[in-house]
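Please look over the chain as a whole before turning to single residues. The paragraphs that follow go from the overall fold to one pair of strands, and then to a few individual positions.

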Amino acid sequence: MKIYILIPVFNDWQSVFKLLGKINDLTVERDIQTSVIIVNDASTFDNMEEKINFENIQSIKILNMKFNQGHARCIATGLKYIFEKEDFDFIIPMDGDGEDRPEEIKEFIEKIRVSSQKPIVGERVKRSEDLIFKVCYQLHKLFTFTFTGKLIKFGNFSCLPRSIVEKMINEKATWNSFSGSLKKIENDLISIPSIRGNRYFGPSKMSFINLIKHSLAIISVFRKTFLIRSAFFIIVYILMIKSNASIITTLPLIFLLIAVYSISNLALRENMEEFKNCLSQINDIENIK
C-alpha cells in the first residue's frame, strides 16, 4: 500500500524537518510504503540543510512554488501533482507545524483496512488553544451549521483514497477550501478522534482573524444554501424587531450582510482554470530523498 503525506509549508522548515523525523520513527506494517510531498509556498528563506537519513520514508520531494498562494491552494496543488505524477493509494494532507500529530497517522492506517475506500477525517476532540479561541471555534461551527446545514468538525488532516482525490481535483471548491470541498463531494465520512497538538516552534498561526477567514471560506462552498437561509433569517428577524427597531437590534443584520458580501467575494476564488493549470506554477522540484 502506497501512502503519500502532503505537507504545505511557508518558512517553518524547522518544524517540517522535526515532523519528518517523527514520521520516520513511526512503526507501521511492512506492506506500507510512505512517501512525502512538501509544497513550499514561496518561502522567503531557503529550507534547512538537514543531513538526516529518513530510512523509513520511501521518498521526499519539495515542490517549490513560484508565488505565495495560501494554505488551501498549496494542498490543492499537492493533490493534483500526486494524482497526475505519482503512484499512490492514499494521500494524507497534514500541517507541518506539529498541530496535526504524526502519531495519529497510524490510526488512519488502521482505519484504511476497514474503510471500504471511504475518506477518513481527523475529528477534533480536544484543542490546545486558550478558552476564548475555543469558544470562537464553537461559534464558527454553530454559524456554519445554521446557515449551510453542514457540521464540519475537521480540517486538512485526513486520509483520502485515490477515488476521492480524483473527485477533489475536479471540484473547483478545492481551490478555495479543502474541508468544504471534501464535505461537498462526500457526506459519508469515517472519522477518528484527533487531538490538536502544540506547535513545535513558535505561536499558533490560527488567529481569530484567520478563523473568520477559514469559516467564511467553508461557507462559500455552500453559498446557495447560505444565501437562501440568510434571506429567510433576514425576513423573520425584521418581522420580529419591526416594533422595537434600534441600532442595537439591527447589528445582527449588519453582520450578516457583511458576511454575505465577504462570502460572495471568497466564492470568486473558485477558479477552475487556475486549478487546472496550477502545476505550471511550480518553479522546481527538489528530491531530498
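Helices and strands are taken here as DSSP runs, of at least four residues for a helix (H or I) and at least two for a strand (E), and they are numbered from the N terminus. With that convention, glutamine 69 can be placed in the loop between strand 3 (59-65) and helix 2 (71-85), a position to which the text returns below. The model is a predicted one, and every value quoted here should be read with that in mind.

Across the protein there are 10 helices and eight strands. The radius of gyration is 20 Å, close to the 19 Å that the globule rule gives for 289 residues, so the protein is as compact as a globular protein of that length. Taken along the principal axes, the box that the C-alpha atoms fill is roughly 70 × 40 × 35 Å. Of the 289 residues, 50% count as buried, and among contacts with a separation of 6 or more, 84% are accounted for by residues 24 or more positions apart. The accessible surface comes to about 14,400 Å², with 56% of that area belonging to carbon and sulfur atoms. As for charge, the protein carries 38 positive and 33 negative side chains, and the centres of these two sets lie 7 Å apart.

A good place to enter the fold is strand 1 (residues 2-9), where seven of the eight residues are buried, so that this strand is largely enclosed by the rest of the structure. Strand 1 pairs in the parallel sense with strand 2 (residues 33-40), over eight bridges, and within this pairing leucine 6 stands opposite isoleucine 37 of strand 2.

Beyond strand 1, in the loop that leads to helix 1 (13-24), lies asparagine 11, which is buried with a relative accessible area of 17% and has a phi near 70°, a positive value in a residue other than glycine. Alanine 42, in the loop between strand 2 and strand 3, also has a positive phi, near 55°, and is likewise a residue other than glycine.

Glutamine 69, in its loop between strand 3 and helix 2, has a relative accessible area of 16%, and because buried means under 20%, glutamine 69 counts as buried. Leaving aside neighbours within four places in sequence, glutamine 69 is in contact with Asp41, Cys74, Thr77, Trp175 and Arg269. Lysine 111 is 42 residues from glutamine 69 along the chain, and the C-alpha atoms of the two are separated by 32 Å.

On the other side of helix 2, phenylalanine 88 has its place in the loop between that helix and strand 4 (90-93), and at 2% relative accessibility phenylalanine 88 counts as buried. Not counting residues up to four places away in sequence, phenylalanine 88 touches Lys2, Tyr4, Ile82, Phe83, Arg162 and Val165. The C-alpha atoms of phenylalanine 88 and isoleucine 120, which are 32 residues apart along the chain, are separated by 16 Å.

The last position is serine 181, in helix 6 (residues 178-185), which counts as buried at 0% relative accessibility. With residues up to four places away in sequence left out, serine 181 touches Met168, Glu171, Ala173, Thr174 and Val221.

Definitions and conventions:
Residues are numbered from 1 along each chain as its sequence is written. This is a predicted model: local features need pLDDT of at least 70, side-chain atom pairs count only at pLDDT 80 or more; totals for chains, interfaces and linings use all residues. Side-chain values use heavy atoms; hydrogens and water are left out. The radius of gyration is taken over C-alpha atoms; the globule rule is 2.2 Å times the number of residues to the power 0.38. Buried means under 20% relative accessible area, exposed over 50%, partly exposed in between (1.4 Å probe, protein chains only). Contact means heavy atoms within 4.5 Å. Accessible areas come from the Shrake-Rupley method with a 1.4 Å probe; for residues, only the protein chains shown count as cover. Lys and Arg count as positive and Asp and Glu as negative; His and the chain ends are not counted. The place of a charge is taken as NZ of Lys, CZ of Arg, CG of Asp or CD of Glu. Two strands pair if DSSP finds at least two bridges between them.
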